[in-house]
2 protein chains.
Amino acid sequence: MKYKATTIKDIAKALNLSTSTVSRALRDSHEISAATKQVVLEYAARLNFQPNPIALSLKERKSHSIGVIVAEIANSFFSQIINGIESVANEQGYTVIISQSHENFEKEVRTLQYLASRSIDGLLISVSSATNDLQQLKSLHQSGLPIVFVDRSVEDIHTHKVVVDNYQGAYNATIHLLEQGYRRIACVANSEHLNITKERVGGYMAALQQYQLKPDPQMIKYCFHGGMLLHEVETAVSELIKLKPKPDAIFATSDKLTTGCMRMLKRHKIAVPKTIALTGFSNSELIELLHAPITVVQQPAFEMGQVATELLLQLIESKRPVKDFKTIKLQTRLVSPDNK
Amino acid sequence: MKYKATTIKDIAKALNLSTSTVSRALRDSHEISAATKQVVLEYAARLNFQPNPIALSLKERKSHSIGVIVAEIANSFFSQIINGIESVANEQGYTVIISQSHENFEKEVRTLQYLASRSIDGLLISVSSATNDLQQLKSLHQSGLPIVFVDRSVEDIHTHKVVVDNYQGAYNATIHLLEQGYRRIACVANSEHLNITKERVGGYMAALQQYQLKPDPQMIKYCFHGGMLLHEVETAVSELIKLKPKPDAIFATSDKLTTGCMRMLKRHKIAVPKTIALTGFSNSELIELLHAPITVVQQPAFEMGQVATELLLQLIESKRPVKDFKTIKLQTRLVSPDNK
DNA sequence: TTTATTTACGCAATCGTTCCCGGAAAATTC
DNA sequence: GAATTTTCCGGGAACGATTGCGTAAATAAA
């Protein structure tokens, strides 16, 4: 069953006016007398009239909704981004439709297809780690759908991007390990397809070189599904600890991988940081409660969401095609368990 | 700028047919010849035609979207519920609009107002801990909006509810502590307004009585904002450890409170479980990685989301008003760090 | 051959709004 | 008092789809 909301027609009929007059009165048009306006406004308020957003959307050819695709919301980093997105989107009267790719390319494609079919006005996306085909995204972009990338972006598509200084963040984390005396530092990284992976691994290698250490390919493990499949991390860590000599530290390039490594090290009964130290990107709020207090690279997730949404709404509301795209690069923060 | 999608009119014009014929051809109506159908279908496929969902919504007076209100998505319990919701909603062609109350009543009211104005077809809600006025919710329900409660429900509103056996879950957890020899068990609970709080505190007290222990009001602390404000938990824990004799264990009634207590105990440098043991409701996946391995009460969150959504969609798609409402009560699981 | 029935399509209303026109009444100017 | 301008409001098309109804042509039945 459904409930019937009051429409502009109901008001018009009740007040013996035309729908155009009612519409104009509600929008405070100058061509309606003060007296009529008052009558309409009062009556509308009494019935708690709400203009039907669907009718409006049809008329304006705007759904007033934006799509968001992230790997998974059950991840502090992404949920913080989403909070940032919502804070500005809702402020401006936009509905946010959240979807998850679960780091799965097919799911991402289906989701994207679905969002497009729901006629969203714009898209915020952090591509999945499994994404290696950009056809669909490109074609949507070409057909005019405003897109802004957050965190994980894509080089081939020319639009606004909101990212962090991944190189620097990874560099800082690795230097932190080096300063503490670790010399055999392994890296558990996300999918090679991701631009952030390249940048973070780059920062990691630069730090090693700074200490005259040669990066060892065997010490870098890539996880195609970004740690979504635990066995990926299991394989990575198992292989690392089989190496001779073993690594004395691990740098993980994402939230999921950082906690994944910790899980694995614990399962192998390897003391952290005594036997193997660990650091990595993470925005989890529970880090300080973990059995092994580790240093993490934090990203300004909330702010990233905000900035990205502002840019997207600019794109959506711009009268003419935007040509001048910018890439906003924010800074990460190295957080130690003590210096909180 | 905006991109213009192809409409049924474009197809009609190009093929020299009427819009009705095109519409019927696309819907495979029997009153269109096979030849025409083929032409239309092929042309539509070539242009990647997607019927405008907004126009459909207007026609059918259905938005094909459901609203979801939870405390916060950055909480494993709720994000798992949401995953459950999405899994069935998307399957049935419904869009999920997620909103967060952040355990704040005013925010919840605004959000509800907003969702209603976006003409959602139904609502899934887990009320905020600060909710003590049900006026708005009641009036929406009376005006015909289908509502299903998840986890935190409300007695006064007669509709489907999907909950867990809170009493039993809390009872089990407390018994678990008692069996381990703890006798001065405190309780850090959520807002007293929440029905789940009453049930969980009830289970806690029943367990105590089972061991001939008299529940001490001083040992039960309520947090109005459900631990959303850390200082609430701080006050609760500080007061508890000032008691003489001190409690030797704490039972926390929610995810946020369980981790909040752990945070506080750590800050006070109180060893867990040595000085004070801790157990509580939690669906966090990081529990096993915490410095103090604790036993938690887990809720079947994903399933709760699924069941609730199925019920809601039934309500939405029912031809006549539903009178027979049910309350689905699922079981919790007591999970120890070892028996995983 | 004539009539009845299918078949296959078009017309137009509808959903709830907005907004371009057009026009009557009132107010202003000459 | 006539001409002009304002003020105020209604009619109706449009947004993109569906659908009841009407109807010409094709086919079947008489």
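## DNA strand C

In this predicted model, a phosphate oxygen of DNA strand C lies 2.5 Å from an N or O atom in the side chain of B:Thr36. The elements that give two or more residues to the surface near this strand come from both chains: helix H1 (8-15), helix H2 (19-26) and helix H4 (53-60) of chain A, together with helix H2 (19-26) and helix H4 (53-60) of chain B. Altogether 28 residues surround DNA strand C, and the closest are A:Ile8, A:Ser23, A:Arg27, B:Thr21 and B:Thr36.

The bases of DNA strand C are also approached by side chains, since a base nitrogen is 2.8 Å from an N or O atom in the side chain of B:Ser20, while a polar side-chain atom of A:Lys59 lies 2.9 Å from a base oxygen. Of the strand's atoms within 4 Å of the protein, 60% belong to sugar or phosphate, with the rest belonging to bases. Sorted by class, the residues of the surface near DNA strand C are eight nonpolar, eleven polar and nine charged.

## DNA strand D

Around DNA strand D there are 28 residues, of which A:Thr21, A:Arg24, A:Thr36, B:Ile8 and B:Ser23 come nearest. Sugar and phosphate make up 61% of the atoms of DNA strand D that come within 4 Å of the protein. The surface near this strand comprises eight nonpolar, eleven polar and nine charged residues.

Individual side chains can be placed against this strand as well: a polar side-chain atom of A:Ser20 is 3.4 Å from a base nitrogen of DNA strand D, and a polar side-chain atom of B:Lys59 is 3.1 Å from a base oxygen of the strand. The side chain of A:Arg61, in turn, has an N or O atom 3.4 Å from a sugar or linking oxygen of DNA strand D. The elements that give two or more residues to the surface near DNA strand D are H2 and H4 of chain A, together with helix H1 (8-15), H2 and H4 of chain B.

## The contact between the protein chains

Chain A and chain B bury about 5,000 Å² between them, and 54% of that area is on carbon and sulfur atoms. The contact takes 58 residues from chain A and 59 residues from chain B.

Between the two chains there are 18 residue pairs in polar contact, counting pairs in which both residues have pLDDT 80 or more, and the count of salt bridges is two. One of these joins A:Glu288 to B:Arg263, with the closest N and O atoms 2.6 Å apart. On the side of chain A that touches chain B, the elements giving two or more residues are H4, helix H5 (76-91), strand S2 (95-100), helix H6 (105-117), helix H11 (255-267) and helix H12 (301-317). By class, that side of chain A has 23 nonpolar, 21 polar and 14 charged residues.

## How the two copies are related

Chain A can be laid on chain B with an RMSD of 0.1 Å by a turn of 180° and a shift of 0.0 Å along the axis, which is the relation of a two-fold axis. Among the residues of chain A, A:His291 comes closest to this rotation axis, its C-alpha being at 1.6 Å.

The interface can be considered in the light of that relation. Because 100% of the interface residues of chain A are also interface residues in chain B, the copies meet through the same surface.

Terms used
Residues are numbered from 1 along each chain as its sequence is written. Chains are lettered from A and ligands numbered from 1 in the order in which they are written. This is a predicted model: local features need pLDDT of at least 70, side-chain atom pairs count only at pLDDT 80 or more; totals for chains, interfaces and linings use all residues. Side-chain values use heavy atoms; hydrogens and water are left out. A residue is near a molecule or strand if one of its heavy atoms lies within 4 Å of it. A polar contact is a pair of N or O atoms within 3.5 Å; within protein, one must be able to donate a hydrogen and the other to accept it, and residues adjacent in sequence count only if both atoms are side-chain atoms. Helices (H or I, at least four residues) and strands (E, at least two) are DSSP runs, numbered from the N terminus. Ala, Val, Leu, Ile, Met, Phe, Trp, Tyr, Cys and Pro count as nonpolar, Asp, Glu, Lys and Arg as charged, and the others, Gly among them, as polar. Contact means heavy atoms within 4.5 Å. Buried area is the accessible area (1.4 Å probe) that two parts lose on being put together, summed over both. A salt bridge is a side-chain nitrogen of Lys or Arg within 4 Å of a carboxyl oxygen of Asp or Glu. Copies are superposed by least squares on the C-alpha atoms of residues with pLDDT of at least 70 in both.
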